[in-house]
Amino acid sequence: MIESLTDEDIRALLLDIFLAGSDTSSNTLCYTIYYICQNPHVKQKMLDEIDSIFPINSSDTLHITTDHIEKLKYCEAIIKEDSRMTPVVPVSKRVASAECEVAGYKFQAKTVFHLNYSSIHMNEKYWNNPTVFDPDRFYLHDNLGEFTDNLSDSDKENKKSIHGKDKFSLVIFGGGIRLCPGRKLAMITMLFFMVLMFKKYDVELVDMDDPLKTHTGFLTNCLELKIKIKPRKPSL
Ligand code: HEM
């Protein structure tokens, strides 16, 4: 029998959605802006993609459809890569419901496991040069064949090996039974934001030497991001 939700259930669900859905996306977008501005070649490649998909005067209103979103492969690769480098959810937890064995060790029921997502994202077993910001590791991986003509064979092998090994090597949205239910919505809204912002505006960091300022509690929050924004010259 399906029981109806009480007002309290609905309140808790809405709170979940707002807390889990807004801070996560807004902080990820800060990291997206930071890494794009720090890496001019990435910025240019992203603008080329946006301009090729939306070849209109920047003063026009943009009508973004699901077809457009599908094509924003490089923008998506940027979001994956900045989230790999600086995941907003750095650690998650699981509680063992019964006695279990993990990696050869026995654990009692109710043991709390802390899953260190940040470290997984920096593990050299899965990632070549993990401290280097390189959206191509996702772009080339997801689009192998189409975009790799100018790569050497060993480069291709490197790119192919990344992330292909283990689906839990990238846990931006967690994994398993508690995998983030808002992940698709989050990706779509972040891509929308990127297009709307970077199609219309020229965005730069006030100080390129300023490191990313974050504070990690339950989430890794961006404490400050100083940027300069001016209207972008319309693309031809
Ligand atoms: C960039 C945006 C987002 C990121 C990085 C993110 C990340 C995560 C992560 C890492 C988890 C924990 C998964 C685990 O422990 O394995 C989670 C859970 C969750 N997320 Fe997201 N999330 C995002 C956006 C959203 C949005 C937009 C919504 C809803 C509209 C949402 C709703 C939830 C909920 C309800 C849970 C708890 C799921 C459960 O415990 O079963 N998230 N998210």
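**Ligand shell**

I count a residue as near the ligand if its C-beta atom, placed from the backbone, lies within 6 Å of the molecule. Helices here are DSSP runs of H or I, at least four residues long, numbered from the N terminus. With that settled, I looked up which element gives the largest share of the shell around the ligand. It is α1, with seven residues. I was working on a predicted model throughout.

The whole shell comes to 21 residues. I noted the closest ones: G21, S92, G174, C180 and G182. Then I checked which elements give two or more residues to the shell, and got α1 (7–38) and α8 (183–200). Sorting the shell by class, I found 11 nonpolar, eight polar and two charged residues.

**C180**

I went to C180 next, since UniProt lists this residue under "binding site", in an unreviewed entry. In the model, C180 is among the residues closest to the ligand. I found C180 in the loop between α7 (153–161) and α8. Is C180 buried, exposed or something in between? I get 18 C-beta neighbours inside 10 Å, so C180 counts as partly exposed. Setting aside neighbours within four places in sequence, I see C180 in contact with F173 and G174. G174 also turned up on my list of residues closest to the ligand.

**T28**

Back to α1, where I picked T28. T28 has 24 other C-beta atoms within 10 Å, so I logged this residue as buried. Which residues does T28 touch, leaving aside those within four places in sequence? I found I79, S83, V88 and M190. I also took the distance from T28 to L115: 20 Å, C-alpha to C-alpha, for a separation of 87 residues in sequence.

**α2 against α4**

I then looked at how helix α2 (residues 40–53) packs with helix α4 (residues 73–85). The angle is about 145°, and the axes are 8 Å apart. On the α2 side I noted V42, K45, M46 and E49; on the α4 side, Y74, C75 and I78. By class, I have five nonpolar residues in this contact, no polar ones and two charged.

**Positive phi in non-glycines**

I flagged A103, which has phi near 50° without being a glycine. A103 sits in the loop between β2 (100–102) and β3 (105–107). I count just 5 C-beta neighbours inside 10 Å, so A103 is exposed.

N129 went into the notebook too, with a positive phi of about 40° and again no glycine. I placed N129 in the loop between α5 (117–121) and α6 (136–142). With 11 C-beta neighbours inside 10 Å, N129 also counts as exposed.

**Overall fold and confidence**

I tallied eight helices and eight strands in the protein. Of its 236 residues, 23% count as buried. Looking at contacts between residues at least 6 apart in sequence, I found that 69% join residues at least 24 apart.

How confident is the predictor, and where does pLDDT stay under 50? The mean pLDDT of the protein is 88, and 85% of its residues reach 70 or more. I wrote down ipTM 0.99 and pTM 0.88 for the model. The stretch under 50 is residues 144–149, for which I see five contacts beyond four places in sequence. Where pLDDT is low, the predicted coordinates should not be read in detail.

Conventions: Residues are numbered from 1 along each chain as its sequence is written. This is a predicted model: local features need pLDDT of at least 70, side-chain atom pairs count only at pLDDT 80 or more; totals for chains, interfaces and linings use all residues. Ala, Val, Leu, Ile, Met, Phe, Trp, Tyr, Cys and Pro count as nonpolar, Asp, Glu, Lys and Arg as charged, and the others, Gly among them, as polar. pLDDT is the predictor's confidence in each residue, from 0 to 100. Two residues are in contact if their C-beta atoms, placed from the backbone, lie within 7 Å. UniProt positions are given in the numbering used here, feature names are shortened, and annotations may be inferred rather than shown by experiment. A residue is buried if 20 or more other C-beta atoms lie within 10 Å of its own, exposed if 12 or fewer, and partly exposed in between; C-beta atoms are placed from the backbone. Axes are lines fitted to C-alpha atoms, for helices over the stretch in contact, and angles run from 0 to 180 degrees between N-to-C directions.
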